[in-house]
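Work through these exercises with the structure open beside you. Try each task before reading its solution.

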Amino acid sequence: MGNIKSGNLGYPRIGGQREWKKQIEAYWAGKITEQELHEGLAGIRLGNLRCQRDRGIDVIPVGDFTYYDHVLDTATMFGLVPERFAWNGDKVSLDLYYAIARGNDQAAASEMTKWFNTNYHYIVPELGTRDPRLTVNRPLMAYLEAKQELGIEGRPVLLGLFTLLKLSKGETAHEVDAWIEKLLPLYVQVLRELEAVGAAWVQLDEPALVIQLTDEDVRRLGHIYRTIAREVPGLRILMQTYFDAAERYETLVELPVHGLGLDFVHGRDGNLEALRRYGFPTGKTLGAGLIDGRNIWRADLDEGLSLLSEIRVLAGEPELIVQPSCSLLHVPVSAAGEERLAPVLREALAFAEQKLEELTSLCEAASGDGPEPARFAENRRALAALAADPARSRAAVREEAAQAAVAPAERASEFAERRRKQQAKWRLPFLPTTTIGSFPQTAEVRAARQKWRKGEWSPGQYEEFIRAEIRKWVEIQEELGLDVLVHGEFERTDMVEFFGEKLPGFAFTQGGWVQSYGTRCVKPPLIYGDVEFTGPMTVKETAYAQSLTAKPVKGMLTGPITILNWSFVRSDLSREQVAYQIALALRGEVEALEQAGIELIQVDEPALREGMPLKPKDWANYLSWAVKAFRVTTSSVRDTTQIHTHMCYCEFDDILDEIRALDADVISIETSRSHGELVHSFEEHTYPLGIGLGVYDIHSPRVPNEAEMAALIDRALQVLDPELFWINPDCGLKTRGQEETVAALRQMTAAAEQVRRKYGKGTKAGKGKE
């Protein structure tokens, strides 16, 4: 019988109370020194290692911790510093590291995009003309710290070279081999230094191996891993894949590595079929990802044990590591403090700490001949109680969603006819200006919300505070000369949580935080039951804002696919079924806004691209129902009601047809952080609907000037119809301060006016509704 160990692939960085976020932001604000930051983050890092050790994990990862983003760590470790930043070639300073991520007064931030099909965002490495060099051996430092401080013989984690290059920008196809030759010696150096201090194993993360591999990719992989095996023969390499089934499995298992990690949750069928067809090499270790690293429900331990037995038989009883499907970065730290949830939900949760216990339970059950671990009986009780909850089986909701899946979802008229009617109604100027929705959630706004939630303020006091904020920002928007206004969303903590709190079938945790990008943490709702519309959710605040101005005010909703993808979703229904339930609930809100006189309505879908399966062969099915769900939400309105949507920080080139199929009257898309590169896509793809390409990056504290924004607008208008073009920031302004927000929007409206004058259509204000 092969040996079985428990292992982990990565742990949440943020701390149980988001201590990580608070300390980094204190450093940015000048409230603590760099040394104090190092000491504070070391405490979190070592605490994570202790937690894994104390819960009996045999193989503990080291080097998965970061000061911002693990891909940025890898890039700066190898000297991949964008050329627009001043750098002397030595170790990358902390301030330079954060400048690459966030921008500074001298240079724009690097592009940020989604980590495969998750809601985590990474900083995109830029391959320029600088020669890479090893600036610091981060995995070595992490390995030594764990060993010296805690006596833990950890397994260093490093992003693999193949995946690093797949995630980077700047090289052309014929330069990939040249970049491999530049970077491969540096990888070898890192691994040699680890071998020299006694590291036995290294985990090289290669999630790009689950997408699509060409013959050229296979050749490059062979070269990379044969070189490592030849140059560092004493070090054992685990090549780790996750998020789906490995591609070209039969080739991967023949590479000269000592272990292969496979995801048997999100890539279960494909990886099992590969084992059936090709087996598993004798003498290699199999990392079996059996616990879902991307959702928060308890695993079915009986099912997991059965799957583990099947894997062992198919793989020929190999050395086995039972591990999560991916890093636990994507789940909260601990469910231990969730006392406000109903017991049936609380007992059904497994956050990172609980998932470690599930791993050890599976190992214990699979390894021994003794009695069944006690956790198995507890697990059965909890899952049975959840399944029996009446909220999960509401027949009327299920039937309506099933009908929506097959019924047409079309606007009454084609876009050209709708546009003619909307132009006559709204009489907006050439190149209309607007924002994406939210305005700064200041400390005062957050404090007011806490007073209301704690009962220190009455609902009436809180409502008057929100109205005062709306009044203030309507006045600011009018003074700035924006053409289409928003109410500012001051009553909303989060764009998904706000709606979930008002819809049955959702539940909310106290401490279920996960990292989204940088220090931005979100608390995804739990979709545990059936979802339906029970009454207006946004009408009151939006209608109040509209009463203050003659200019149109947009209603602001989060779309069904984004709510789906930014929630922890029940596992007993397909995601498609849940999406239609949410879409129908939101359609009720769209119709309520329209009835209240709000006839520009934005339904944001920033996570549409994020939810796509990783393998191109699976895209069509997902995109079909995702687009249909959006249209279920938006298609019942009158022709004169203008539907907007918004997307950001994703690769859009390969889904432009589906974006067009949403049939939104206007879409706003991020482009400034990618330095306008999306504009290239429109040179080859006509976009015949209204569109706004974001003209400045709201995630950077830097305020760009009028000329920069005007240049982005000019560039876009070379390939897009000026009569259909809108001007807006990249995203909502919730995380920015009031002063910088006003300054940036003033530059934006000035840039719009500058371009209008070039076209002979200068104007300082829209005319409002008829």
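Helices (H or I, at least four residues) and strands (E, at least two) are DSSP runs, numbered from the N terminus. The model is predicted.

**Exercise 1. Describe the overall build of the protein.**

Step 1. Take the elements. The protein has 27 helices and 21 strands.

Step 2. Test compactness. The radius of gyration is 26 Å, close to the 27 Å that the globule rule gives for 770 residues, so the protein is as compact as a globular protein of that length.

Step 3. Add the extents. Along the principal axes, the C-alpha trace spans about 80 × 60 × 50 Å.

Step 4. Look at burial and contacts. Of the 770 residues, 62% are buried. Among contacts with a separation of 6 or more, 79% join residues 24 or more positions apart.

Step 5. Finish with surface and charge. The accessible surface comes to about 28400 Å², and carbon and sulfur atoms hold 49% of it. There are 90 positive and 112 negative charges, and their mean positions are 3 Å apart.

**Exercise 2. Examine helix α22.**

Step 1. Locate it. Helix α22 covers residues 575-595, which is 21 residues.

Step 2. Check its length. From first C-alpha to last, α22 reaches 30 Å, close to the 30 Å expected at 1.5 Å a residue.

Step 3. Judge its cover. In α22, 15 of the 21 residues are buried, so the helix is mostly covered.

Step 4. Look past its end. Glycine 597 follows α22 and has a positive phi, near 90°.

**Exercise 3. Is alanine 142 buried or exposed?**

Step 1. Place it. Alanine 142 sits in helix α5 (residues 138-150).

Step 2. Apply the cut-off. Buried means under 20% relative accessible area. Alanine 142 has 14% relative accessibility, so it counts as buried.

Step 3. Find its contacts. Leaving out residues up to four places away in sequence, alanine 142 touches Val62 and Gly63.

Step 4. Set a distance beside this. Arginine 277 is 135 residues from alanine 142 in sequence and 39 Å away in space, C-alpha to C-alpha.

**Exercise 4. Study two loop residues with positive phi.**

Step 1. Start with phenylalanine 243. It lies in the loop between β7 (236-240) and α9 (249-252). Its phi is positive, about 85°, although it is not a glycine.

Step 2. Check its exposure. Phenylalanine 243 counts as buried because its relative accessibility is 2%.

Step 3. Move to arginine 427. This residue is in the loop between α16 (415-426) and α17 (443-453). The phi of arginine 427 is positive, near 50°.

Step 4. Check exposure again. With a relative accessible area of 37%, arginine 427 is partly exposed.

Terms used: Residues numbered from 1 in each chain as written. Predicted model: local features only at pLDDT ≥ 70, side-chain atom pairs only at ≥ 80, totals over all residues. Heavy atoms only, no water. Expected span 1.5 Å × (residues − 1). Buried < 20%, exposed > 50% of the residue type's maximum accessible area, 1.4 Å probe, protein only. Rg over C-alpha atoms; globule rule 2.2 N^0.38 Å. Contact = heavy atoms within 4.5 Å. Areas by Shrake-Rupley, 256 points an atom, 1.4 Å probe, with all protein chains shown as cover. Lys, Arg positive; Asp, Glu negative; His and termini not counted. Charge placed at Lys NZ, Arg CZ, Asp CG, Glu CD.
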